[in-house]
Amino acid sequence: MTNLARRAAIASVCSAILLGALKAWAAWTTGSVAVLASLADSILDLFASLVTLGGVHWASQPADENHRFGHGKAEALAALFQVVVIAVSALAILVRAIERLRGGDISASPESGIAVSMIAILVTLALTRYQAHVIRQTGSVAIGADRIHYTSDLMLNAAVIAALALDAWGLRGADPLFGIAIAFWLLFGAWRASEAAIDQLMDKEWPEEKRRAFVEVAGRNPALKSLHDLRTRSSGNNDFVQFHIAMNPAMTIQQAHDVVEALEKELGEAFPGTEILIHVDPDGHVDEPQNPMIEANLLKDPE
């Protein structure tokens, strides 16, 4: 899975280099603010993709003495960096578009910009489809953030084509107006990309459907009297779960150990890549309440 994410990051870097070179030529040829906005976005895409590549590599490093839970959150940090890059580029585009709108200039040689934008759409479509495949396989947050702004690029390039076409037909102001729209679209994309990264950094619980599925698998073990205090989180490609189970107090330590090992194996097969920590309580024991929302017996009441 790590190799898949790394290959996706490399593909992203190569695409950004290719598109940046094409758009630099088109921006110089046309003088279009929409093409310039697209170029700025591609340059920042390259920078962000390099950070993604570094984040994916860092996140794949095994746990060490100072990072006992691994380095998975490096992906979330890389994703947040991308958010900042996207937001900065959007603001720069917005300023340039407003200046161009006031100046009333018309783009030159729009055919070049349109041709480059069409090539960019094809390249970006291929990249985002590959990224979607990788995300399904790995759940990578960094690749997910990368895909969001490349998906935004599809609309950006379509907007560039429309702006240049309208500008060529003599509709003054179309180019900078599209540039302003692109800037706001990028800001919206930055906001979307930040959500998953912040959720990981804040150790947000799994989606309720996934929690329920986890409890259902655990509940198949007949030795469990109850399951409570379930806590879940994700870090990069890895998941972490801890919970308490109540068992027959007459069991020996060896018997309880065997049950826990069997349960860990069952859950590990159903939820690969998950690190599981189980605390055993004698049935009837009441823990000191920590949070009523997570102390309930989830085998009976998954809510």
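Trainee: Among contacts in the protein chain between residues at least 6 apart in sequence, what percentage join residues at least 24 apart?

Mentor: In this predicted model, 76% of such contacts join residues at least 24 apart. One pair of residues distant in sequence is Ala92 and Ala183, which are 91 residues apart along the chain, while their C-alpha atoms are separated by 8.2 Å.

Trainee: What makes Ala92 partly exposed?

Mentor: Ala92, which lies in helix H3 (residues 74-103), has a relative accessible area of 45%. Buried would require under 20% and exposed over 50%. The value of 45% falls in between, and Ala92 is therefore called partly exposed.

Trainee: How many helices and strands does the protein chain have, and in what order do the elements run?

Mentor: The secondary structure comprises nine helices and three strands. From the N terminus on, the order is α-α-α-α-α-α-α-β-β-α-β-α. Of the 303 residues in the chain, 46% are buried.

Trainee: What is the order of the strands in the sheet, and which kind of pairing does the sheet have?

Mentor: The sheet is open, with three strands in the order E1-E2-E3 and mixed pairing. Eight bridges join E1 to E2, and these two strands run antiparallel. E2 (residues 238-247) and E3, by contrast, pair in the parallel sense, over nine bridges. Two strands count as paired if DSSP finds at least two bridges between them; with eight bridges for E1 and E2 and nine for E2 and E3, both pairs meet that condition.

Trainee: Why do strand E1 and strand E3 stand at the edges?

Mentor: E1 (226-235) and E3 (274-282) each have a single partner strand, so one side of each is left without a neighbour in the sheet. Neighbouring strands of this sheet are turned by 10 degrees against each other on average, direction ignored.

Trainee: Which residues stand opposite each other in these strands?

Mentor: Between E1 and E2, Leu227 stands opposite Ile245, and the bridge partner of Arg231 is Gln242. Between E2 and E3, Phe240 has Glu275 as its bridge partner, and Met247 stands opposite Pro282.

Trainee: How do you know that E2 is largely enclosed by the rest of the structure?

Mentor: Eight of the ten residues of E2 are buried, so E2 is described as largely enclosed. E1 is mostly covered as well, with nine of its ten residues buried.

Trainee: What makes Asp229 buried and Asp203 partly exposed?

Mentor: The cut-off for buried is under 20% relative accessible area. Asp229, found in strand E1, is at 5% and therefore counts as buried. Asp203, found in the loop between helix H6 (174-201) and H7, is at 33%, which places this residue in the partly exposed class.

Trainee: What is the phi value of each of these two residues?

Mentor: Phi of Asp203 is near 55 degrees, a positive value in a residue other than glycine. Phi of Asp229 is likewise near 55 degrees, again positive and again in a residue other than glycine.

Trainee: Why are H7 and H8 called oblique to each other?

Mentor: The axes of H7 (residues 208-218) and H8 (residues 253-270) come within 9 Å and cross at roughly 140 degrees. Angles over 145 degrees would count as roughly antiparallel, and 65 to 115 as roughly perpendicular. The crossing angle fits neither range, and the two helices are therefore oblique to each other. H7 passes H8 in a right-handed crossing.

Trainee: Which residues of H7 and H8 meet, and how is their contact divided by class?

Mentor: From H7, Phe214, Val217 and Ala218 meet Leu263, Glu266, Leu267 and Ala270 in H8. By class, this contact has six nonpolar residues, no polar residues and one charged residue. Glu266 belongs to the contact, and Glu is counted as charged.

Trainee: Where do H7 and H8 lie with respect to the strands?

Mentor: H7 packs on the sheet and touches E1, E2 and E3; the direction of H7 makes about 135 degrees with that of E1. H8 lies across E2 and E3, and runs at about 150 degrees to E3.

Notes: Residues numbered from 1 in each chain as written. Predicted model: local features only at pLDDT ≥ 70, side-chain atom pairs only at ≥ 80, totals over all residues. Heavy atoms only, no water. Axes fitted to C-alpha atoms, helices over the stretch in contact; angles between N-to-C directions. Helix = DSSP H or I, 4+ residues; strand = E, 2+ residues; numbered from the N terminus. Parallel < 35°, antiparallel > 145°, perpendicular 65-115°, else oblique. Left-handed = near helix turned anticlockwise from the far one by under 90°. Contact = heavy atoms within 4.5 Å. Buried < 20%, exposed > 50% of the residue type's maximum accessible area, 1.4 Å probe, protein only.
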